[in-house]
Amino acid sequence: MKSIAVVALMAAALQTTCTAQQPPPITASITTPTPVTKSGTEIRINVTVANASDHTVKLYKALGSDGQAEAANQVDVYDADGKKLSRIDGPVVQIKGQTRHLPKRWISRTTVLVAPGQSCNDYLILSDLFDLKKPGIYTVTIRHEMRVLDSNSEDQLIDVSSNTITVTVTE
């Protein structure tokens, strides 16, 4: 009887391991037409989220016209020293004598259906979200969040990270 219980536990563990190691149903990638740009110039980041599964998926997308990919994606920017930059597009507050920018509070987004092998394309203006006036090399990634049904038919939130790109700002 003990060996049946052990086999059942091992089978459950194997199934959990296999489920946890399944690749995400989407991929995210970013590019920029201006990897080297002058300080004060607009920096555009193109965002592509592709359906890598064999079934239609629902992706988040900004409501309205393109150019607001930050409404559906978490954007992370680091300076040359590896310090994470704060967003500047939200309200400004004073905390302990320091000026801080809170993230923009609106998330005006919807879901769009994307067929297998298809993608959803949008862009954001990085220089509107972060202070990139100081010359240097900045590292950029995005994370796209989506809801998926797991094997227990419960909604599960997953984050899929993009590739990393660098943007060089010159004087």
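## A quick tour of the fold, core and cavity

Among contacts in the protein chain between residues at least 6 apart in sequence, 71% join residues at least 24 apart. Keep in mind as you look around that this is a predicted model. The protein chain holds 2 helices and 12 strands, and buried residues make up 31% of its 171 residues. Here is a short guide to the places worth a look on your screen.

**Overall layout**

- Reading along the sequence, you will meet the elements of the protein chain in the pattern α-β-β-β-β-β-β-β-β-β-α-β-β-β.
- The protein chain has an accessible surface of about 10800 Å², and carbon and sulfur atoms account for 54% of that surface.

**The largest nonpolar core**

- The largest nonpolar core has 30 residues, and those that touch the most other members are Ile45, Val77, Leu126 and Leu132.
- Strand β10, covering residues 136-149, gives the most to this core, contributing 5 residues.
- Leu132 makes a good starting point for a look at contacts: leaving aside its neighbours within four places in sequence, Leu132 is in contact with Ile43, Val77, Leu85, Leu126, Ser127, Tyr138 and Val169.

**Ile165 in strand β12**

- Ile165 is found in strand β12, which spans residues 165-170.
- With a relative accessible area of 12%, Ile165 is buried, because buried means under 20%.
- Once neighbours within four places in sequence are set aside, the contacts of Ile165 are Ile30, Thr31, Thr32, Ile45, Tyr138, Thr139 and Val140.
- Ile165 and Val77 lie 88 residues apart in sequence, and their C-alpha atoms are 9.8 Å apart in space.

**The cavity**

- Rolling a probe the size of a water molecule over the atoms shows where empty space is left.
- In the whole structure, the search finds 1 cavity of 30 Å³ or more.
- The largest cavity contains about 70 Å³ of space.
- Its lining is made up of Val47, Val49, Tyr60, Lys61, Ala62, Ala69, Ala72, Asn73, Cys120, Asp122 and His144.
- By type, the lining residues of the largest cavity divide into 7 nonpolar, 2 polar and 2 charged.
- Strands β3 (44-51), β4 (57-62) and β9 (119-125) each supply at least two residues of the lining of the largest cavity, and β4 provides the largest share, with 3 residues.

**Two exposed loop residues**

- Pro33 sits in the loop between β1 (26-31) and β2 (36-38).
- Its relative accessibility of 54% makes Pro33 exposed, because exposed means over 50%.
- Even so, Pro33 has partners further along the chain: leaving aside neighbours within four places in sequence, Pro33 is in contact with Arg44 and Asn46.
- The C-alpha atoms of Pro33 and Arg44 are separated by 7.0 Å, while the two residues are 11 residues apart along the chain.
- Lys96 is the other one to find, in the loop between β6 (92-95) and β7 (98-101).
- Lys96 has a relative accessible area of 83%, so Lys96 counts as exposed.
- For those checking backbone angles, Lys96 has a positive phi of about 50° although Lys96 is not a glycine.

Notes. Residues numbered from 1 in each chain as written. Predicted model: local features only at pLDDT ≥ 70, side-chain atom pairs only at ≥ 80, totals over all residues. Heavy atoms only, no water. Core = buried A, V, L, I, M, F, W, Y, C linked by side-chain atoms within 4.5 Å. Buried < 20%, exposed > 50% of the residue type's maximum accessible area, 1.4 Å probe, protein only. Helix = DSSP H or I, 4+ residues; strand = E, 2+ residues; numbered from the N terminus. Contact = heavy atoms within 4.5 Å. 1 Å grid on protein atoms, 1.4 Å probe; cavity = no way out; pocket = protein on both sides within 12 Å on 5 of 7 lines; lining within 4 Å. Points joined across faces, edges and corners; volume = space filled by probe spheres on them. Nonpolar A, V, L, I, M, F, W, Y, C, P; charged D, E, K, R; others polar. Areas by Shrake-Rupley, 256 points an atom, 1.4 Å probe, with all protein chains shown as cover.
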